[in-house]
Amino acid sequence: EHRERALGLALFCTQWRERWGIMADASKEVVQKLQLAEEQAAAIIDTARKNRVAMLKQAKDAAEEDLKAFRVEVEAKHQKDIAAKKSTDIAADLTVATQKELEEVRKDYESNKQKTIGFVVGKVLEVPTELTETQKQSLVLGLA
């Protein structure tokens, strides 16, 4: 508002000078009044600029503070989510891997059970029922 008034005043002064052709013969008082009006307009404009810069800086600082708080909040949530996911995923992965290995052991057991029973029974039935000559001599001599 001050800026607009100052610009309007400066424009009026400039237009007034042009219209009426104030030259060297114009009275010093009128010229001094115009110069004073221009200086006042420049001061108003300068003050308005400074106020605008100050308000923009305040707004920027406030926005940065809000952003810092938001970043801290988001980062904390992100770290919490990562930690939760990490522990959950490791436990879930371990459970899945254990179940898979357990199932493989069960399959191996079932597929090899009959073969193992047949092998042991076969070896038991293969035992010779007769004594060798060496065994017979040991018995005769009383060494056994």
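In the predicted model, Glu101, Glu103, Glu104 and Asp108 form a surface patch of negative charge. Patches are built from residues with over 30% relative accessible area and no salt bridge, like charges being joined within 9 Å and nonpolar side chains (Val, Leu, Ile, Met, Phe, Trp, Tyr) within 5 Å. Asp and Glu count as negative and Lys and Arg as positive, while His and the chain ends are not counted; a charge is placed at NZ of Lys, CZ of Arg, CG of Asp or CD of Glu. One member of the patch, glutamate 103, belongs to helix 2, which covers residues 28–125. Glutamate 103 has a relative accessibility of 38% and therefore counts as partly exposed, the classes being buried under 20% relative accessible area, exposed over 50% and partly exposed in between (1.4 Å probe, protein chains only).

Residues are numbered from 1 along each chain as its sequence is written. Because the model is predicted, local features need pLDDT of at least 70 and side-chain atom pairs count only at pLDDT 80 or more, whereas totals for chains, interfaces and linings use all residues, and side-chain values use heavy atoms, with hydrogens and water left out.

A nonpolar patch of about 610 Å² is also present on the surface, made by Ile117, Phe119, Val120, Val121, Val124 and Leu125. Valine 124, one of these residues, is located in helix 2. With a relative accessible area of 56%, valine 124 is exposed.

The secondary structure consists of three helices and zero strands, where helices (H or I, at least four residues) and strands (E, at least two) are DSSP runs numbered from the N terminus. The order along the sequence is α-α-α. Of the 144 residues in the chain, 5% are classed as buried. The exposed area of the chain is about 13200 Å², and 60% of this area is supplied by carbon and sulfur atoms; accessible areas were obtained by the Shrake-Rupley method with a 1.4 Å probe, and for residues only the protein chains shown count as cover.

Confidence was examined by residue and by helix. The mean pLDDT of the chain is 81, and 83% of the residues score at least 70; pLDDT is the predictor's confidence in each residue, from 0 to 100. Among parts of the chain, helix 1 (residues 2–20) has the lowest confidence, with a mean of 66, and helix 2 the highest, at 86. Aspartate 46 is a residue of helix 2. At 35% relative accessibility, aspartate 46 is partly exposed. Its C-alpha atom lies 9.9 Å from that of alanine 6, the two residues being 40 apart along the chain.

Seven salt bridges were counted, each requiring a side-chain nitrogen of Lys or Arg within 4 Å of a carboxyl oxygen of Asp or Glu. One of them joins the side chains of lysine 57 and aspartate 61, with an N to O distance of 3.2 Å. Lysine 57 and aspartate 61 are four residues apart in helix 2, so about one helical turn separates them. Aspartate 61 has a relative accessibility of 32% and counts as partly exposed. Lysine 60 is paired with glutamate 64 in a further salt bridge, the closest N and O atoms lying 3.9 Å apart. Here too the spacing is four residues in helix 2, so lysine 60 and glutamate 64 are about one helical turn apart. Lysine 60 is exposed at 52% relative accessibility, whereas glutamate 64 is partly exposed, with a relative accessible area of 37%.

Helix 3 spans residues 133–141, and because zero of its nine residues are buried, this helix lies largely in the open. Within helix 3, glutamate 133 and lysine 136 are three residues apart, which means a separation of about one helical turn. These two residues form a salt bridge whose closest N and O atoms are 3.9 Å apart. Glutamate 133 is exposed, with a relative accessible area of 55%, and lysine 136, at 40% relative accessibility, is partly exposed. After helix 3 comes glycine 142, which has a positive phi near 85°.
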